[in-house]
Amino acid sequence: MLPIGGLKEKSLAAYRMGITDVIIPKENQKDLVEIPNEVKEKLNFIPVSDVEKVFEVAFR
């Protein structure tokens, strides 16, 4: 999994849409400091390192 850009903006959009689980590349965990605490408290960030884990989480 490659890191993504704009994690803060994408997280804020997910928060506004009522999404609670957000799958992110493990390499983006360091970017979570940019996200406001009130948003981080409402979102469940799920770091993944491979596509198999994405499918496992998305289709549980």
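Visitor: Where is M17 found?

Guide: A quick word first: this is a predicted model, where local features need pLDDT of at least 70 and side-chain atom pairs count only at pLDDT 80 or more, while totals for chains, interfaces and linings use all residues. Residues are numbered from 1 along each chain as its sequence is written, and side-chain values use heavy atoms, with hydrogens and water left out. Helices (H or I, at least four residues) and strands (E, at least two) are DSSP runs, numbered from the N terminus. With that in hand, M17 is found in the loop between helix 1 and strand 1.

Visitor: Is M17 buried or exposed?

Guide: The cut-offs are under 20% relative accessible area for buried and over 50% for exposed, with partly exposed in between (1.4 Å probe, protein chains only). M17 has a relative accessible area of 67%, so this residue is exposed.

Visitor: What distance separates the C-alpha atoms of M17 and P3?

Guide: Along the chain, M17 and P3 are 14 residues apart. In space, their C-alpha atoms are separated by 23 Å.

Visitor: Which residue with a positive phi follows helix 1?

Guide: The phi here is near 85 degrees. The residue sits in the loop between helix 1 and strand 1, and with a relative accessible area of 55% it is exposed. Its C-alpha atom is separated by 9.1 Å from that of L43, 25 residues away along the chain. The residue after helix 1 is G18.

Visitor: Which residues of helix 1 are buried?

Guide: Helix 1 covers residues 7–16. Seen down the helix axis, the buried residues fall within an arc of 60 degrees (taken from the directions from the axis to the C-beta atoms), so they line one face of the helix. They are L7, S11 and A14.

Visitor: And which exposed residues does the face of helix 1 turned away from its buried side carry?

Guide: We have just placed the buried residues on one face of helix 1. Turned away from that side are the exposed residues E9 and R16.

Visitor: What covers the buried residues of helix 1?

Guide: A contact here means heavy atoms within 4.5 Å. The cover includes strand 1 (21–25), helix 2 (37–42) and strand 2 (44–48).

Visitor: Which residues does S11 touch, not counting those up to four places away in sequence?

Guide: S11 lies in helix 1, and at 0% relative accessibility it counts as buried. One of its partners, F45, is 34 residues away in sequence, with the two C-alpha atoms 9.2 Å apart. The full list of residues touched is I35, V39, L43 and F45.

Visitor: How many salt bridges does a search of the whole structure find?

Guide: A salt bridge is a side-chain nitrogen of Lys or Arg within 4 Å of a carboxyl oxygen of Asp or Glu. In one, the side chains of K30 and D31 meet at 3.6 Å, N to O; K30 is exposed at 59%, whereas D31 is buried at 18%. The search finds salt bridges numbering two.

Visitor: With which residue does K53 form a salt bridge?

Guide: K53 is partly exposed, with a relative accessible area of 32%. Its partner also lies in helix 3, three residues away, about one turn of the helix. As general background, an α-helix has 3.6 residues a turn, so residues three or four places apart point the same way. The closest N and O atoms are 3.3 Å apart, and the partner is E56.

Visitor: How far apart are K53 and I23 in space, C-alpha to C-alpha?

Guide: In sequence, K53 and I23 are 30 residues apart. In space, C-alpha to C-alpha, the distance is 9.6 Å.

Visitor: Which residues form an aromatic pair?

Guide: Rings of Phe, Tyr and Trp (its six-membered ring) pair if their centres lie within 6.5 Å, and planes under 30 degrees apart count as stacked, over 60 as edge-to-face and the rest as tilted. The structure holds one such pair. At 6.0 Å centre to centre and 15 degrees between the planes, the pair is stacked. Its members are F55 and F59.

Visitor: What accessible area does the nonpolar patch of M1, V51, F55 and F59 have together?

Guide: Patches are made of residues with over 30% relative accessible area and no salt bridge, joining like charges within 9 Å and nonpolar side chains (Val, Leu, Ile, Met, Phe, Trp, Tyr) within 5 Å. F55, placed in helix 3 (residues 51–58), is partly exposed at 48%, and F59 is exposed at 67%. Accessible areas come from the Shrake-Rupley method with a 1.4 Å probe, and for residues only the protein chains shown count as cover. Together, the four residues of this surface patch have about 440 Å².
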